[in-house]
Every structure is written in structure tokens, then in C-alpha cells.
Amino acid sequence: MILSRAPVRLSMGGGGTDLASYYENHGGFLIAVAINKYISIVLNKRFNDSIRLSYSKTEIVDDIQNIEHNIFREALAHTQIRKQIELVSIADIPANCGLGTSSTFTVSLLNALYAYKKCYLPLDKLAAEACHIEINILKEPIGKQDQYASAFGGFHAYWFNKDGSVNVEPVMIKEEDLIELQSNILLFYLKQDRSASNILSIQNNNSKQGDQKTIDRLHKIKEIGLYTKKIFEKGKIDEFGSLLHEHWLTKKQLSKDISNSMIDEAYDTAMKNGATGGKVVGAGGGGFLLVYCSGSKRKLITAMSKIGLSPFRFTFEHEGAKIVFYS
């Protein structure tokens with residue numbers, strides 16, 4: 001039996017510049033931090049030759065080509081495991097919530113499958129193979145940040161080079177500043193499902209067609225990400241709020257589906273009650289609202305509870321993808 005787990009992430013700046021339609025021409029950059037919410041995979045060798053998969057539904061098949069779940073099917077094919085295996089997926093948070101669950105699932109699954117084959121993949125290789133499955137094989141219109149942030153964990157800056165390579169660099173933030181940052185970030189689950197693929201497809205198509213407004217907005221988002229890294233490393237943590245606000249105003253211009261009346265109400269409520277900035281994490285349209293509040297949190301939490309939103313507890317996670325148990 002094998003237990004694999006990988007953390008989800010919070011994008012802290014530069015999100016959207018990790019799509020090939022942008023970084024192949026301009027180079028992308030973002031920073032992200034992992035949090036202590038995980039996608040776990042339990043793997044067990046099965047007595048008979050069939051394959052059993054358990055997630056939101058259960059599949060039992062004799063041929064991997066009959067597997068309905070796209071990532072399970074392609075990951076098994078990629079690792080050349082075709083029989084006599086049982087896989088169970090366990091998630092701490094719902095799908096389509098903006099924290100990169102799909103890519104985290106792919107990373108955790110591949111790590112388990114390679115451990116089953118007694119192979120060790122370096123974290124950059126694990127992330128690259130997860131990208132290959134989702135982007136090249138399944139043709140998802142997504143970027144590379146989620147796979148790398150899940151594999152590496154911790155607090156890192158990611159440089160997406162024009163040739164498709166990725167450089168990973170730790171954010172050199174002092175421990176006391178990291179604690180301050182975590183204490184001033186609040187997450188509120190918006191209770192709305194959304195499709196990141198639909199939103200990212202619009203951005204992707206606009207970038208491919210050379211839409212100058214889209215490209216200029218992504219340039220601005222990258223600049224904000226680069227400056228965010230600087231303020232973290234200089235200990236100017238409270239500047240993050242205003243940068244978040246600037247990022248959100250720019251991000252909303254990428255697609256009309258990134259925000260809606262409910263999200264606008266939640267954001268306005270937060271800003272009127274102590275927050276200095278915020279954004280919807282991930283592609284937008286739903287999921288989690290991240291806000292920054294450096295003062296007392298009580299007024300903010302009370303106001304948000306009146307519109308049906310409660311804070312979601314989390315801590316930063318220093319570790320990335322790992323095999324928790326191997327027997």
C-alpha cells in the first residue's frame with residue numbers, strides 16, 4: 001500500500017502569465033505558496049487483473065482505455081501500468097475551487113504510480129510530467145503554475161521561459177514576515193462552482209490572436225507579481241493589500257466571467273470592513289476569495305458572515321509532493 005499526497009496552492013502574484021500563449025512570446029512569472037490542504041492518493045495492488053478507481057464515483061475496468069476519468073486513464077497509460085491496481089482519491093477541498101486541485105491530483109497520482117514502480121522522480125520532472133499529461137495529452141487550456149507549486153510546495157517564484165522550461169526560486173522572506181503575511185490573509189469560500197477551462201480559453205485565444213489589450217493586462221499582472229516578490233523579501237508586507245487590489249482590477253478586465261454580482265458584493269463588503277485588497281484565487285468566476293487585512297479581523301469576519309461567508313482556516317505548507325506511507 002502507498003499513500004501519496006500533494007498540497008494545493010495560493011497564487012500570490014503573476015497568475016495567468018504561466019500559459020504558453022503568453023510565456024512563449026514574453027516569458028512568464030508568478031509567485032505561489034502551498035497551504036496545508038491536500039489531494040491524497042491511496043494505491044494498493046489488486047488481487048485480480050482489473051483496475052478499480054474510487055473518486056466521486058467508482059470505476060472497475062479490465063482495460064485502461066475504458067476508464068472514464070481522463071487523468072486516471074492517461075496517468076496509468078503514461079506510467080505503463082495496465083492491470084491489477086486500486087486507486088482511491090481523497091481531497092480536502094472541492095474541485096473547481098481555484099486552488100489548483102486538478103493539477104495537484106495529477107502530481108499526487110503520478111508520484112504514487114512511480115513509487116509503485118519503485119521509481120523516484122525529481123520534483124521538477126514530476127511537475128513537468130503532470131504538465132505534459134494535462135496540457136499536451138488532454139489539451140487543457142491551462143498553465144504550469146499549479147503543477148509546479150504542488151510538486152515543490154513552500155513559497156516559490158516560478159519563471160516560465162520562452163522555450164517552455166521553468167526555473168524555480170525560493171522567495172527569500174524572513175520567518176517573522178511569513179508569519180505576519182499568513183495572519184493577515186483570509187480565505188472565504190464563495191460556494192460557486194466555475195470552470196477554469198472556459199475562462200482560461202478566452203484568455204488563451206486572445207493571447208494567441210495577439211489581442212494587445214489582453215497582452216498589456218498580462219504584462220501588468222507580471223509586473224505586479226515581480227514587485228510583490230520584492231516587497232515580501234524587503235519585509236514590506238502591508239503593501240501586499242494594495243497590490244492585490246491593483247491585480248484584481250486588472251484581472252477582471254481579462255474576461256467578463258472572472259467576476260459577477262455575488263463576487264463583487266463579497267469583495268466590496270471586505271474592502272469596506274478592513275481589507276486593503278483581495279482577489280478571487282485561480283482563474284476567477286468562483287471558488288475562494290482571498291483578502292488581505294492587517295488590522296483587527298473581527299469587523300471583517302462579522303461583515304462577511306452577514307452575507308453568508310465564513311473564513312476558511314489554513315496554514316502555509318513548507319513541503320511539496322511526498323510519499324507519506326509505503327508498505
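Here are a few worked exercises on this predicted model.

**Exercise 1. Work out whether helix α5 is enclosed or open, and find what surrounds it.**

Step 1: Go through the helix, residues 145-152, one residue at a time. Gln145, Asp146, Gln147, Tyr148, Ala149, Ser150 and Ala151 come out as buried.

Step 2: Put that against the helix length. Seven of the eight residues are buried, so α5 is largely enclosed by the rest of the structure.

Step 3: Look for the cover. Over the buried residues you'll find, among others, strands β1 (2-13) and β2 (28-45) and helices α3 (101-116) and α4 (123-137). Strands β6 (155-160) and β7 (166-170) are also part of the cover.

Step 4: Check what comes after the helix. α5 is followed by Gly153, which has a positive phi, near 60 degrees.

**Exercise 2. Place strand β6 among its partners, β2 and β7.**

Step 1: Start with burial. Five of the six residues of β6 are buried, leaving the strand mostly covered.

Step 2: Take the β2 side. The two strands run antiparallel and are joined by six bridges. To get your bearings, find Leu30, which stands opposite Tyr158 in β6.

Step 3: Now the β7 side. Here the pairing is antiparallel too, over five bridges, and His156 stands opposite Pro170 in β7.

Step 4: Follow the chain from β6 to β7. The two strands make a hairpin with five residues between them, and Gly164 in that turn has a positive phi of about 95 degrees.

**Exercise 3. Describe the surroundings of Lys322 and the nonpolar patch that includes Val324.**

Step 1: Locate the residues. Lys322 lies in strand β11, residues 322-326, and Val324 is in β11 as well.

Step 2: Grade their exposure, with the partly exposed class running from 20% to 50%. Lys322 counts as partly exposed at 28% relative accessibility, and Val324 is partly exposed at 42%.

Step 3: See what Lys322 touches. Ignoring neighbours within four places in sequence, its contacts are Leu3, Ser4, Arg5 and Asn111. The C-alpha atoms of Lys322 and Ile2 are 11 Å apart, although 320 residues separate the two along the chain.

Step 4: Add the side-chain link: Lys322 and Glu319 share a polar contact of 3.0 Å.

Step 5: Turn to the patch. Val324 joins Met1 and Phe325 in a nonpolar surface patch, with about 280 Å² of accessible area together.

**Exercise 4. Trace the salt bridges of Lys229, then compare them with the Lys125 and Glu129 pair.**

Step 1: Find the partners of Lys229. Glu169 forms a salt bridge with Lys229, with the closest N and O atoms 3.1 Å apart. Glu169 sits in β7 and Lys229 in helix α8 (residues 212-234), so this pair ties together parts that are 60 residues apart in sequence.

Step 2: Glu233 also bridges to Lys229, again with 3.1 Å between the closest N and O atoms. Both residues belong to α8 and are four residues apart, about one turn of the helix.

Step 3: Recall the helix geometry. An α-helix has 3.6 residues a turn, so residues three or four places apart point the same way.

Step 4: Grade the exposure. Lys229 is buried at 11%, whereas Glu169 is partly exposed at 29% and Glu233 is partly exposed at 27%.

Step 5: Move to α4, where Lys125 and Glu129 lie four residues apart. Their side chains meet in a salt bridge at 3.7 Å, N to O. Lys125 is partly exposed at 41%, while Glu129 is buried at 9%.

Step 6: Zoom out. The structure holds 13 salt bridges, and Arg46, Arg52 and Glu86 are linked in a network of them.

Methods: Residues numbered from 1 in each chain as written. Predicted model: local features only at pLDDT ≥ 70, side-chain atom pairs only at ≥ 80, totals over all residues. Heavy atoms only, no water. Buried < 20%, exposed > 50% of the residue type's maximum accessible area, 1.4 Å probe, protein only. Contact = heavy atoms within 4.5 Å. Pairing = 2+ DSSP bridges. Polar contact = N/O pair within 3.5 Å; in protein donor to acceptor, adjacent residues only side chain to side chain. Patch = residues over 30% accessible without salt bridge, like charges linked within 9 Å, V, L, I, M, F, W, Y side chains within 5 Å. Areas by Shrake-Rupley, 256 points an atom, 1.4 Å probe, with all protein chains shown as cover. Salt bridge = Lys/Arg side-chain N within 4 Å of Asp/Glu carboxyl O.
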